[in-house]
Amino acid sequence: MGFLDNFKSAMAAAKDAANANIERQRAEQQKQQPMARTAAGRPVHARPQSRLPEGVVAVKMNPEEPFDLGTNAQGQNVKVVANGLIHAKPMGMSSLDAEGQKQEIRTIAREVLQREMVPQINSMGDLKFLMLFANRMNQVIVAELNAHGYQAIFKLPLMIRPVQQ
């Protein structure tokens, strides 16, 4: 059992050394970046930086804004919601700030969805149809955004579901 005892003590020593190294690195980082203090004496933390590359905006489709498609052949009023996350970057120079770009991308995506969903209103209650339709719409929306000067991808795929009434 001597080997296992030596192995366990070596592992414990390595763990302690690693923890000490981490604490030392944290202390050095805090020395390099002193935190500002508020009037109450609490540290003020900087806003976290975006992890997206420069110029890329993340646009979330708003599920709180349902699409009202009208009345289908069965006389039911059809409403659906779309959810997804688009990453887009202007291909050239853009005169819009990040919030303006997000709003423009969201508007383009909603217009494409509205235009493509209305002719399919009678099939909007079928789950299999909605899954296939949303998969196809990912490509259509990206193509439309490319036509409007954005490089775009769907980070989270588009999901369309009917609103229960």
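Let's start with the order of elements. From the N terminus, this protein reads α-β-β-β-β-β-α-α-β. That makes three helices and six strands. Keep in mind that this is a predicted model.

Some overall numbers. The protein has 165 residues, and 24% of them count as buried. It exposes about 11,900 Å². Carbon and sulfur atoms supply 54% of that area. Now the contacts. Take those between residues at least 6 apart in sequence: 68% of them join residues at least 24 apart.

Next, the core. In soluble globular proteins, nonpolar side chains tend to be buried together. Here, the largest nonpolar core holds 31 residues. Which members touch the most others? They are Ile 86, Leu 113, Met 117, Met 124, Ile 141, Leu 158 and Ile 160. Several elements each supply at least two residues of this core. On the strand side, these are strand 3 (57-60), strand 4 (67-71), strand 5 (77-90) and strand 6 (150-162). On the helix side, they are helix 2 (98-117) and helix 3 (127-147). Which element gives the most to this core? Helix 3 does, with eight residues.

Look at Leu 113 for a moment. Set aside residues up to four places away in sequence. Leu 113 then touches Met 61, Phe 67, Ala 82, Met 137, Ile 141, Leu 158 and Ile 160. Three of those names, Ile 141, Leu 158 and Ile 160, you just heard in the core list.

Now the helix pair. Two packed helices are described by the angle between their axes and the distance between the axes. For helix 2 and helix 3, the axes come within 10 Å. They cross at roughly 130 degrees. Helix 2 and helix 3 are therefore oblique to each other. The crossing is right-handed. Who meets whom? From helix 2 come Ile 105, Ile 108, Ala 109, Val 112, Leu 113, Arg 115, Glu 116 and Met 117. From helix 3 come Phe 133, Arg 136, Met 137, Val 140, Ile 141, Glu 144 and Leu 145.

Three single residues to finish. The first is Val 57, in strand 3. Is Val 57 buried or exposed? Its relative accessibility is 6%, so Val 57 counts as buried. Leaving aside neighbours within four places in sequence, Val 57 contacts Leu 52, Ile 86, His 87, Ala 88, Ala 98, Gln 101, Lys 102 and Ile 105. Take Ala 88 from that list. Val 57 and Ala 88 are 31 residues apart along the chain, yet their C-alpha atoms are separated by 5.5 Å.

Next, Glu 64. You will find Glu 64 in the loop between strand 3 and strand 4. Glu 64 counts as exposed because its relative accessibility is 63%. Asn 83 is 19 residues away in sequence, and the C-alpha to C-alpha distance from Glu 64 is 9.3 Å.

Last, Ser 123. This residue sits in the loop between helix 2 and helix 3. At 28% relative accessibility, Ser 123 counts as partly exposed. How far apart in space are the C-alpha atoms of Ser 123 and Asn 72? They are separated by 8.9 Å, with these positions 51 residues apart along the chain.

Key. Residues are numbered from 1 along each chain as its sequence is written. This is a predicted model: local features need pLDDT of at least 70, side-chain atom pairs count only at pLDDT 80 or more; totals for chains, interfaces and linings use all residues. Side-chain values use heavy atoms; hydrogens and water are left out. Helices (H or I, at least four residues) and strands (E, at least two) are DSSP runs, numbered from the N terminus. Buried means under 20% relative accessible area, exposed over 50%, partly exposed in between (1.4 Å probe, protein chains only). Contact means heavy atoms within 4.5 Å. Accessible areas come from the Shrake-Rupley method with a 1.4 Å probe; for residues, only the protein chains shown count as cover. A nonpolar core is a set of buried Ala, Val, Leu, Ile, Met, Phe, Trp, Tyr and Cys residues joined through side-chain atoms within 4.5 Å. Axes are lines fitted to C-alpha atoms, for helices over the stretch in contact, and angles run from 0 to 180 degrees between N-to-C directions. Angles under 35 degrees count as roughly parallel, over 145 as roughly antiparallel, 65 to 115 as roughly perpendicular and the rest as oblique. A crossing is left-handed if the near helix is turned anticlockwise from the far one by less than a right angle, and right-handed if clockwise.
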